[in-house]
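User: I'm new to this one, and I'd like a close look at a single part of it. Could you pick a helix, show me what surrounds it, and then walk me outwards from there?

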Amino acid sequence: MELATKFHSSSFSIFNAPIYKGKLVAASPSSSSSSLQLSKQWLGVGLSSRAATAAKATPSLRFLSRQQRKSIISTVKCSVSQTTPAETSAEKKSQLMRRSDIRNIAIVAHVDHGKTTLVDSMLKQAKVFRDNQIMQERIMDSNDLERERGITILSKNTSITYKDTKINIIDTPGHSDFGGEVERILNMVEGVLLVVDSVEGPMPQTRFVLKKALEFGHAVVVVVNKIDRPSARPEFVINSTFELFIELNASDEQCDFQSIYASGIQGKAGLSPDDLAEDLGPLFESVIRCIPGPRIEKDGALQMLATNIEYDEHKGRIAIGRVHAGSLRRGMDVRVCTSEDTCRFARISELFVYEKFFRVPVESVEAGDICAVCGIDDIQIGETIADKAAGKPLPSIKVEEPTVKMAFSINTSPFVGREGKYVTSRNLRDRLFRELERNLAMKVEEGESSDTFIVSGRGTLHITILIENMRREGYEFMVGPPKVINKRVDEKLFEPFEIATVEVPEEHMGAVVELLGKRRGQMFDMQGVGSEGTTFLKYKIPTRGLLGVRNAILTASRGTAVLNTIFDGYGPWAGDISTRDQGSLVAFEEGTSTSYAMASSQDRGQLFIGPGVDVYKGQIVGIHQRSGDLSLNVCKKKAATNVRSNKEQTVVLDTPLDYSLDDCIEYIQEDELVEVTPASIRMCKNPKFSKKGSR
């Protein structure tokens, strides 16, 4: 591993010597004829039969010495985009061919590494919009929730044209909870742009998306983004990324990836961190050169895999996917297959392709195109649109299993029906099962009673986004605390573990280490990051220990820590974990809160409500400063007497805590619920549990 790191840090620019605007960008001055001979042996012919024969007697590319790598100066072509004679003959046998006029790429990265901003610059430089057209930031984040949270939740399609080549671009989510979106999208593309922050380097989600891309055999172009940051360390990032390729068992061809240095917000890219072009030209050239066109069966029977589903009020369900074989025409009769045995017939009413930022109607599409199909009302993700006579289904899409579950139930509080439009169990059931049509990584099961449903997802954020969307649609319901999904193997209990990375200033590191240690976290790496005085900690920790930890870490680090997690696998049960030391303040009377009552109540802890708020018996109105719950009356009024006071007493109240939906779900414990309505988010005690901890 050390040897691989050494040669890679010094010689990556040599492997990144592409042809930009018709000129070879050389990485170093020419050397002796022996070095040229070495370069021909290793790289000059790509992976031809002669090079393959020579490779048997020589060590792997990743283990060349630094001096050998420095001596390689010939023109380098991306080996992943070349085809061997054996591959060519195999393609001829199966009548497969490559399209050179199109590229299908996905942009993948860890959250906040700049994917969507980079896509913005690519669209602007490809003249997708008029020069005088005013566009908002993060054009691809069209969902209100995405804009509010600053993250990508749903994958989006767009396309640009560069030098007569159409590039279909798919922007994907960066958060690990939405990994199911990324897994589906990788079925539609032949290559990925792996965007990595120039300071942070590869993060947990970087590892996840890269692992999936390598499993599909996709070509990878590494984009070191935010290169304009003062503490940028591109050499470290490239070496760390290369080590990640090796850890994930990438082939020699995949390890020889093209690297581009870019500033998405400035719209600049280059082959060297110190020499950026004035535009993203080097990035576009690398996409055309290093990512192959789609391999298709042009004259074969139609095959198209439905990878995504959209809904339009006028057109109904719209299936999005890539045509793998044959051609598709508007008005064509097709067969919709889930497996060899279950097929049904349908007709294509409308057909669209993505041009620039819009869907454009077309009469027909060919194999290799990404298109949107209307007319199949019951189409599901993973189904194949095939030729009516001779069509066969493609392999279905598989995503990883969920790890966290939450109970959804109808609202049983005294305020039920005040603010929501859909309140019955039938409304709740229909909406949850409708979510499964689009969200493959989620599962819904019947609960213990007819009005309770168990929703399973990839993480609390995955389920919280669903709750927030339902709330905005007018639904009113209650949710229980998140629980992990355990497994039993040979009568032993196993639970999900995650890799947690924490970036924290050195002065707060002790508090964070103590907090994660209490939650059964095991540190396996610690290193300094740049010149900003921060420390980078890596933990393996049970998913149970991460429930409710985000707010606790922010409190311990005074809001300076950054926590990222990714699912690692199942491991033996880690033991009991204490997640909350303080109890709740619970209202024991229904009414309206008063300043008089709250003045005495705030001495018992921190309150969630202010004066003049309607409360009901059993509602959680604050955090108790000690363990155990405390019932109190926040509706008590000052006694009215006939004794005149000289001066009315001034009451000074503390500012109440403003908890968001995510905060409430992190806060509640086993015997508590979150009441979700379109206008309010409240917490209450679960009436099904006895009041063991109350005073």
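Analyst: Let's start with what sits over helix α6 in this predicted model. The cover over its buried residues includes the strands β4 (102–109), β5 (156–162), β6 (165–171), β7 (191–197) and β8 (219–225), along with helix α12 (281–290). The helix itself runs over residues 115–125, and eight of its eleven residues are buried, so α6 is largely enclosed by the rest of the structure. If you want to find them on the model, the buried ones are Lys115, Thr116, Leu118, Val119, Asp120, Ser121, Met122 and Leu123.

Now for the nonpolar cores. The largest one has 40 residues, and Leu194, Leu210, Val220, Val222 and Phe245 have the most contacts inside it. Helix α10 (residues 234–247) gives the most to this core, with six residues.

Val222 is a handy place to zoom in. Setting aside neighbours within four places in sequence, Val222 touches Leu194, Val196, Thr241, Phe245, Phe257, Gln258, Ser259 and Ile260. Apart from this core lies another, made of 37 residues, with Phe408, Ile623, Cys635 and Ile665 among them.

Back to α10, which has a partner worth a look. The axes of α10 and helix α9 (residues 204–215) come within 10 Å, crossing at roughly 50°. That angle falls in neither the parallel, antiparallel nor perpendicular range, so the two helices count as oblique to each other. The crossing of α9 past α10 is right-handed. On the α9 side, the contact is made by Thr206, Arg207, Leu210 and Leu214, while α10 brings in Leu244, Phe245 and Glu247. Sorted by class, that makes four nonpolar, one polar and two charged residues. You've already met Leu210 and Phe245: both are on the list of residues with the most contacts inside the largest core.

Stepping back, the whole chain has 19 helices and 40 strands. Of its 695 residues, 52% count as buried. Among contacts with a separation of 6 or more, 72% are between residues 24 or more positions apart.

Two backbone oddities to finish. Most residues other than glycine have a negative phi. Glu491 has a positive one, near 60°, and is found in the loop between β28 (487–489) and β29 (492–505). Glu491 is exposed, with a relative accessible area of 75%. Arg520 also has a positive phi, about 65°, and belongs to the loop between α15 (509–518) and β30 (522–529). At 40% relative accessibility, Arg520 counts as partly exposed.

Methods. Residues numbered from 1 in each chain as written. Predicted model: local features only at pLDDT ≥ 70, side-chain atom pairs only at ≥ 80, totals over all residues. Heavy atoms only, no water. Buried < 20%, exposed > 50% of the residue type's maximum accessible area, 1.4 Å probe, protein only. Helix = DSSP H or I, 4+ residues; strand = E, 2+ residues; numbered from the N terminus. Contact = heavy atoms within 4.5 Å. Core = buried A, V, L, I, M, F, W, Y, C linked by side-chain atoms within 4.5 Å. Axes fitted to C-alpha atoms, helices over the stretch in contact; angles between N-to-C directions. Parallel < 35°, antiparallel > 145°, perpendicular 65-115°, else oblique. Left-handed = near helix turned anticlockwise from the far one by under 90°. Nonpolar A, V, L, I, M, F, W, Y, C, P; charged D, E, K, R; others polar.
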